[in-house]
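Here are my notes for you on this one. Have the model open while you go through them.

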Amino acid sequence: MEQDLVPSTETINKEEHLAQFNKPNSYYGFEENEYIPKLEDYKPQLQTTNAGKKEAQLMKDTVQKWLDSKNGWLTIIGGVGIGKTHLMKAITKLGNCYYLTAYEFDYRIKKFRNSYDTNENFVDPDDWVQNIGTMERRLILDDIGAGYIDKGWTTKRFERLIDLRYRNQRPTALTSNLSGKELEKELGDRIISRITDVNISRVLLCTNTKDLRLKRR
Ligand SMILES: Nc1ncnc2c1ncn2[C@@H]1O[C@H](COP(=O)(O)OP(=O)(O)O)[C@@H](O)[C@H]1O
Ligand SMILES: [Mg+2]
């Protein structure tokens, strides 16, 4: 275990924290063999413009600040390939977070519904939402994008999740490649007014960072 990865935050006891690292990936919401990028491998200087480098550094600093905050909320909005997922995954174990993509959220809600239909291993989706909505652990909701969260059944539960996290003052980070306006269209104004409210959440709008995947091709 790399000791230097332990964040400066006082809220995390070092021994407890290192013990967290040994838990299976599923504890963090990851797949068993999922590749998890490292925080020190996120290099703001890889961005090609000065404004991009600065913004990427700000992204990294802001994400680290969120880890040090007690009940903070963070919303990162920016285009694809700028490293949002990289940063979020990199801090998941560091901050004992639970990592969930919007796509996965939708999938699980539907899976619950399907098991309900067939009466197999029924787990009430509302109980699951209640659990992750109220748990003290940090929650990361990555990749809130177009078409991922189905209207109706899933959106209602997503709304409930955001509402629970908010009312219980649970630290929550969200990322999206949609603009505020697009998000509102996708998810409705009740969710969006919360996650983009600067009184509640640190909102980072990234417009200068560019897709690094394009550079590699
Ligand atoms: N500043 C950076 N330093 C190192 N790798 C980066 C950086 N920005 C992006 N990447 C890499 O580019 C790829 C796309 O990043 P990703 O985190 O998936 O972007 P996003 O979630 O914003 O769409 C990943 O392989 C990621 O590790
Ligand atoms: Mg992503």
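1. Which exposed residues does the face of α5 turned away from its buried side carry? They are Asp127 and Asn131. Exposed is used for a residue with 12 or fewer other C-beta atoms within 10 Å of its own, buried for 20 or more, and partly exposed for anything in between, with C-beta atoms placed from the backbone.

2. Before going on, note that this is a predicted model, where local features need pLDDT of at least 70, side-chain atom pairs count only at pLDDT 80 or more, and totals for chains, interfaces and linings use all residues. Residues are numbered from 1 along each chain as its sequence is written, while chains are lettered from A and ligands numbered from 1 in the order in which they are written.

3. Back to α5, which spans residues 125-134: its buried residues are Pro125, Val129 and Gly133. They sit on the same side of α5 because they cover an arc of only 70° around the axis (the arc of the directions from the helix axis to the C-beta atoms). Helices here are DSSP runs of H or I, at least four residues, numbered from the N terminus.

4. Now ligand 1. It is surrounded by 16 residues, and the closest are Val80, Gly83, Lys84, Thr85 and His86; a residue counts as near if its C-beta atom, placed from the backbone, lies within 6 Å. Two elements, α3 (84-92) and α9 (212-216), give two or more residues to this shell, and α3 has the largest share, with three residues.

5. Finally, look at lysine 43, in the loop between α1 (14-21) and α2 (50-68). Lysine 43 counts as partly exposed because it has 13 C-beta neighbours inside 10 Å. Lysine 53 is ten residues away from lysine 43 in sequence, and their C-alpha atoms are 8.6 Å apart in space.
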